[in-house]
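Colleague: I am new to this structure and would like a close look at one part of it, the aromatic rings. Please also set them beside the strands and a helix, so that I can find my way around.

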Amino acid sequence: MNIQERKVTVRELAEDYFNDAEEGVVGYDNRLDIRPKYQREFVYKDEQRDEVIRSVMRDLPLNVFYWAKTGDDSYEVLDGQQRTISLCEYIDGNFSVDGKYFNNLPKDKQNQILDYKLFVYVCDGTDSEKLEWFRIINIAGERLTDQELRNAVYAGSWVTDAKRYFSKTGCAADTVGGDYLRGSSIRQEYLETAISWAADAEDTTIEGYMSKRQHNPTAQELWSYFRSVIEWIQSVFPKVRKEMKGLPWGLYYNKHGKRTDLDPVKLEQEVQRLLGDEDVTKASGIYEYLLTGSEKALSIRAFDKRDRQTAYERQNHLCAICEDEFEFEEMHGDHKVPWSKGGHTTPENCQMLCIECNLKKTNY
């Protein structure tokens with residue numbers, strides 16, 4: 001790992017500064033990607049922004065800036081994005097502080113700001129070294145997400161294009177699949193979700209997936225995969241419900257996307273039936289259950305202590321299967337008629353089993 005300390009003046013930082021909602025933000029003679037295209041759009045509140053300028057005016061130190069090296073002489077801001085934008089926007093005359101714009105200041109005050117030196121750590125190394133270092137940095141203010149850290153490590157044409165689809169408010173991913181995604185596009189959570197699904201399909205990690213494609217010219221492959229997932233959801237479960245949001249749909253698609261036995265009409269009937277079943281305590285698990293048959297996904301309602309105590313006394317403290325006697329705490333409440341065969345969590349359907357018998361019991 002190579003970590004270089006560098007002193008950069010505000011004058012150098014603001015050289016060829018350019019800020020565009022679509023094209024991103026650059027500076028440092030067009031060598032610093034301050035906010036890459038379609039990255040998160042939040043900015044400092046006015047008071048925070050103004051305090052950055054006041055600190056520089058008073059020659060007080062700002063926190064360290066962190067840059068990631070992306071080429072021989074090109075960089076991306078890892079931490080310090082909002083402080084950097086605040087400084088450059090003030091120099092550009094886009095806001096005033098305490099009633100004074102930059103061009104209203106005396107020449108010596110202007111030069112004092114322009115000559116102010118920022119302390120910058122520039123990181124360069126292997127992908128794993130950079131990820132480890134970035135994660136242990138005590139980053140002040142708005143913490144970077146894991147995906148934002150990965151974007152810095154694997155910066156390149158592929159990441160830039162992927163952000164176009166997944167990393168902007170109202171982005172294409174939100175338009176196409178917003179009903180099924182949880183999180184925030186500008187915090188890179190949509191992008192992280194899509195990559196995690198695609199990586200699973202290739203039996204690799206997010207880092208492995210991104211590393212393999214870092215220098216690809218476009219992320220069209222990822223976007224096509226994502227659209228295939230969404231189209232599959234809409235064909236199998238055409239009615240959109242709030243319970244569908246945030247589920248690992250890509251993982252379901254990877255395992256079940258080629259099945260021909262999934263009838264959307266029958267599945268919808270089952271969804272409605274299960275939503276009305278009071279024993280189903282996890283409605284979002286209905287979709288996993290219908291695809292896999294796993295009752296654990298539904299978190300079927302358990303018998304309460306009163307029902308278990310009643311059954312325990314009714315059985316004279318004996319296990320309903322092995323008929324040995326046990327303490328109450330050594331037994332579990334069990335459905336006589338399994339839920340999958342129509343049995344409900346009612347007192348009359350409760351029986352007490354010892355732990356061993358309960359583990360061995362099957363739905364015969």
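Modeller: What follows goes through the rings, then some strands, then one helix. Keep in mind that the model is predicted.

The structure holds 22 aromatic pairs. One of them is formed by Trp67 and Tyr75, whose ring centres are 5.6 Å apart with 45 degrees between the planes, a tilted arrangement. Trp67 and Tyr75 are both buried.

Another pair is edge-to-face: Phe166 and Phe226, at 5.2 Å centre to centre and with 85 degrees between the planes. This pair links distant parts of the chain, as the two residues are 60 residues apart. Phe166 belongs to helix H7, which covers residues 157–166, and Phe226 belongs to helix H11, which covers residues 220–236. Phe166 is buried, and Phe226 is buried too. Both are also members of a cluster joined by ring pairs, together with Tyr165, Trp197 and Trp223.

Some rings have a charge over them. The charged end of Arg49 sits over the ring of Phe95, 3.8 Å from the ring centre. Likewise, the charged end of Arg83 sits over the ring of Phe65, at 4.3 Å from its centre.

Now the strands. Strand S5 runs from residue 65 to residue 71 and is parallel to S7, with 4 bridges joining the two. Within this pairing, Tyr66 has Tyr121 of S7 as its bridge partner. Strand S7, residues 117–124, is also joined to strand S1, residues 2–9, by 8 bridges, and here the strands run antiparallel. Gln4 has its bridge partner in S7 as well, namely Val122.

Last comes helix H15, which spans residues 305–314 and has Asp307, Ala311 and Tyr312 as its buried residues. Seen down the helix axis, these buried residues of H15 fall within an arc of 135 degrees, so they line one face of the helix. Lys305 and Arg306, on the other side of H15, are exposed. The cover over the buried residues of H15 includes strand S8, residues 331–335, and strand S9, residues 350–354. Just after H15 comes Asn316, which takes a positive phi of about 55 degrees.

To find your way in the view, start at the edge-to-face pair of Phe166 and Phe226, and then look for the cluster that includes Trp197. From there, turn to S7, which pairs with S1 and with S5, and end at the buried face of H15, where S8 and S9 are part of the cover.

Notes. Residues numbered from 1 in each chain as written. Predicted model: local features only at pLDDT ≥ 70, side-chain atom pairs only at ≥ 80, totals over all residues. Heavy atoms only, no water. Pairing = 2+ DSSP bridges. Buried < 20%, exposed > 50% of the residue type's maximum accessible area, 1.4 Å probe, protein only. Arc of directions from axis to C-beta. Contact = heavy atoms within 4.5 Å. Phe/Tyr/Trp six-rings, centres within 6.5 Å; stacked < 30°, edge-to-face > 60°. Lys NZ or Arg CZ within 6 Å of the ring centre and 35° of its normal.
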